[in-house]
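Student: Could you take me on a close look at one part of this model, the metal site? I would like one connected walk through it, please.

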Amino acid sequence: MTGLPEYLLGLGDDALVAAQRTAEWCAKAPQLEEEVALANLALDQLGQARAFLTYAGELEGEGRDEDALAFLRDEHEFRNVQLVELPNGDFAVTVAKTLFLAAYQNLLYTRLARAAEPRLAGIAAKAAKESAFHVSYASLWTVRLGDGTPLSHRRMRDAVEEVWPYTHELFEPWAPPEAGLDPAALRGPWLEVVGRALGEATLTRPQDGWAATGGRSGRHTEWFGLLLADMQSVHRAHVGARW
Amino acid sequence: MRGTGDAAEAENDLRRRWVVSISAFDALIAADQKIENKDWMPDGYRESLIRQIAQHAHSEIMGMQPEAAWISRAPSLARKAVLIAKVQDEAGHGLYLYAVAETLGARREDLLDALHEGRQKYLSFINYPTLTWADVGALAWLTDGAAVVNQVSLCRTSYGPYGRALVRICREESFHHRQGFDLLHTLSRGTPAQRRSLQEAVDRWWQPALAMFGPPDSRSTHSASSMAWRIKRAGNDELRQRFVDLCVPQAEALGVRLPDPALRWNPERGHHDFTPPDYDELMRVVAGHGPRNRQRLAHRRRAHEEGAWVREAAAVHAAKQAAKQAAGQAGRQAAEWEAGRAAAPDDARAAARETGGPGEGWPLWEVFVRPRRGLGHAHAGSLQAPDAAVALHSARDLYTRREEGVSLWVVPSRSVTSSDPEQKEAYFAPAADKQYRHASSFPPPEGVEGL
Ligand SMILES: [Fe+2]
Ligand SMILES: [Fe+2]
């Protein structure tokens, strides 16, 4: 049974790792306008991460703030899904990851905004508005790449197929009573949102096959250790310092 | 065939018109009025502006790199957010400035090519490495600080679109400058290792920051004409002095030593004396021989090349949509497109060139924002987008990210028709003597109310 603090860690870690990956695009985006758009995505995700982690730390009651949780936990203590750890790849992979995550987050946050637990509901209500824009942004690019040139069509199709196995983890039964929802029930509406974008992009939904799992219990991909080593390096080199 | 007499007459006519135009232009400059993009301007003025604005825009986007390198390692989540927001602003600044250059007839794609091929320059400080987290703070405190001094003066530039972009940029630069100082101030109260890294970073960035003001006026090739045309409003030496005078007390507050043994207050001049930066080094670095020139330019070029397929895909998609719409309007079946799928992209690419202007660039859009407290949409700036939906998304990210707006319009720039500056008198002067149109021309008699 997942407790609320651990659940909040999962929501926070999803957002934190997604922010970390999205921000890797800074100074590398395909167009200046997209620099600004991707940075906004990263900032929204980072803001959500901070809200969830701060709350998780307070509930835990051991004096860990957002930074202690982000920088001083080891790999196996992170509760994010593997989807968000995947390397950015080309722009199509990033668009696919963003679409799949944002569509899930938007459905989840919209429901959590009605949760009986008021602070969770408050954070989710704000995050739901942000993720709605992310869905719109990622759908727009899925369509333009999927229904663009033959090259972009191939890249978008490959990206969707590459990332698809990592989407199943989003719907694993992993939510405390306070959340008041069954993650598995989100998959139907999620398939609708994602399917609409894929359809307009002249792409087909991949077959379900091998499904990644383990992130929620601290088992991650081989890329995740590197991401953490980089993210935590300065903080850990100066124990107890203020920034 | 024209006779030689006709040709001479035509040339005379041209010369007469030029004399009229240049005196009108000089009068505008002398009266401290703004020059707008459709106004007549001498070629030299236009070229100087494009050169300066392009170099400014290049510096904004190249300057993202030394700081973006530290986003992933930022030692707290709060600092990470601030740094992402700052680097994002610099992309926005580049974008506003390329749009200003476009008002002068330059194309963003050509300017980027000139940057990538080394034909146009960017500020030299960007070619130095950021070795520690403290460098992120020192870079912002010193080089964004120098940029604020420079650009506050530039806000009064004679070219209207440049001045308006600079007002927006300056507001954001002061956030950059402050957050840099704040970062360093935290280090200054931190561990011995943090304090040491602070001093070392300031030692590294002081000279590159001083060099940002360019060579002394006596050695600057463009300074004099830029001053005469009021493109620039203050000389390099004056601005550098202002910057040094501002930095000294701030350095004291940080408890750092500025690395210049000759730095001291000169009561006679009412300014600090200081050692000027090494101009030979400045010239070497600008010419491409600094510690990071190669990597910075290669990084920038790679991002541009790797993004080409994305830009093209969006342009082709927009053209397909436009073609579908046109086909629908002409009563033809959209199915034709589906049937000829393999051939479509080439046609679409040709159409993309038509809708997007020459080359691979996306078309330009004008953005109008209705402010939170405001009745009408006002022009906020421009951006490039393949189609209206992307334009709206980008406009939201670019022009409303500081809570500026509640509603957006985007309009293709080519759809804007503006009044002819040469007809300014004919259009607008006749309204001046018709005061009877205003209620204030009819004062009500004493004691009569409700009129
Ligand atoms: Fe800037
Ligand atoms: Fe800046």
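**The metal site in chain B**

Tutor: Happy to! Let's start with two of the residues involved: B:Glu60 is buried, and B:Glu173 is buried as well. Please keep in mind that this is a predicted model, so the distances and angles below are computed from its atoms.

Take the iron ion (ligand 1) to begin with. Its protein donors are B:Glu60 (OE), B:Glu90 (OE), B:His93 (ND1) and B:Glu173 (OE), and they lie 2.0 to 2.2 Å from the ion. If you like to read a site off the sequence, the spacing of these donors along the chain is E-x29-E-x2-H-x79-E. The pair B:Glu60 and B:Glu173 links distant parts of the chain: B:Glu60 belongs to helix 2 (residues 43-62) of chain B and B:Glu173 to helix 7 of chain B, with the two positions 113 residues apart.

What about the geometry around the iron ion (ligand 1)? The arrangement is irregular because the four donor atoms subtend angles of 84 to 145 degrees. To count as tetrahedral, four donors would need all angles between 85 and 135 degrees. One caution belongs here: water is not among the atoms, so sites may look incomplete.

Now move across to the iron ion (ligand 2). The two iron ions lie 3.3 Å apart, and B:Glu90 bridges them. On the protein side, the iron ion (ligand 2) has B:Glu90 (OE), B:Asp144 (OD), B:Glu173 (OE) and B:His176 (ND1) as donors, at 2.0 to 2.2 Å. Here the spacing along the chain reads E-x53-D-x28-E-x2-H. This site is irregular too, with angles of 86 to 165 degrees among its four donor atoms.

The end of that motif deserves a pause. B:Glu173 and B:His176 both sit in helix 7 (residues 160-188) of chain B, and because they are three residues apart there, about one helical turn separates them. How buried is each of them? B:Glu173 has a relative accessible area of 2%, so it is buried. B:His176 also counts as buried, because its relative accessibility is 0%. The cut-off behind both statements is under 20% relative accessible area.

It helps to step back and see the chain that holds the two ions. Chain B has 17 helices and five strands. Its C-alpha trace spans about 75 × 75 × 70 Å along the principal axes. Of its 451 residues, 49% count as buried. Contacts in chain B reach across the sequence as well: among those between residues at least 6 apart, 72% join residues at least 24 apart. The surface that chain B exposes comes to about 22300 Å², with carbon and sulfur atoms supplying 54% of it. As for charge, chain B carries 58 positive and 57 negative side chains, and the centres of the two sets are 4 Å apart.

To pull the site together, B:Glu90 coordinates both iron ions. B:Glu173 is listed among the donors of the iron ion (ligand 1), and B:Glu173 is also listed among the donors of the iron ion (ligand 2). When you turn the model on your screen, helix 7 of chain B is a good place to start, with B:Glu173 and B:His176 about one helical turn apart.

Key:
Residues numbered from 1 in each chain as written. Chains lettered and ligands numbered in written order. Predicted model: local features only at pLDDT ≥ 70, side-chain atom pairs only at ≥ 80, totals over all residues. Heavy atoms only, no water. Donors = N, O, S within 2.8 Å, 3.2 Å for Na, K, Ca; no water. Tetrahedral: all angles 85-135°; square planar, octahedral: opposite > 155°, others 65-115°. Helix = DSSP H or I, 4+ residues; strand = E, 2+ residues; numbered from the N terminus. Buried < 20%, exposed > 50% of the residue type's maximum accessible area, 1.4 Å probe, protein only. Contact = heavy atoms within 4.5 Å. Areas by Shrake-Rupley, 256 points an atom, 1.4 Å probe, with all protein chains shown as cover. Lys, Arg positive; Asp, Glu negative; His and termini not counted. Charge placed at Lys NZ, Arg CZ, Asp CG, Glu CD.
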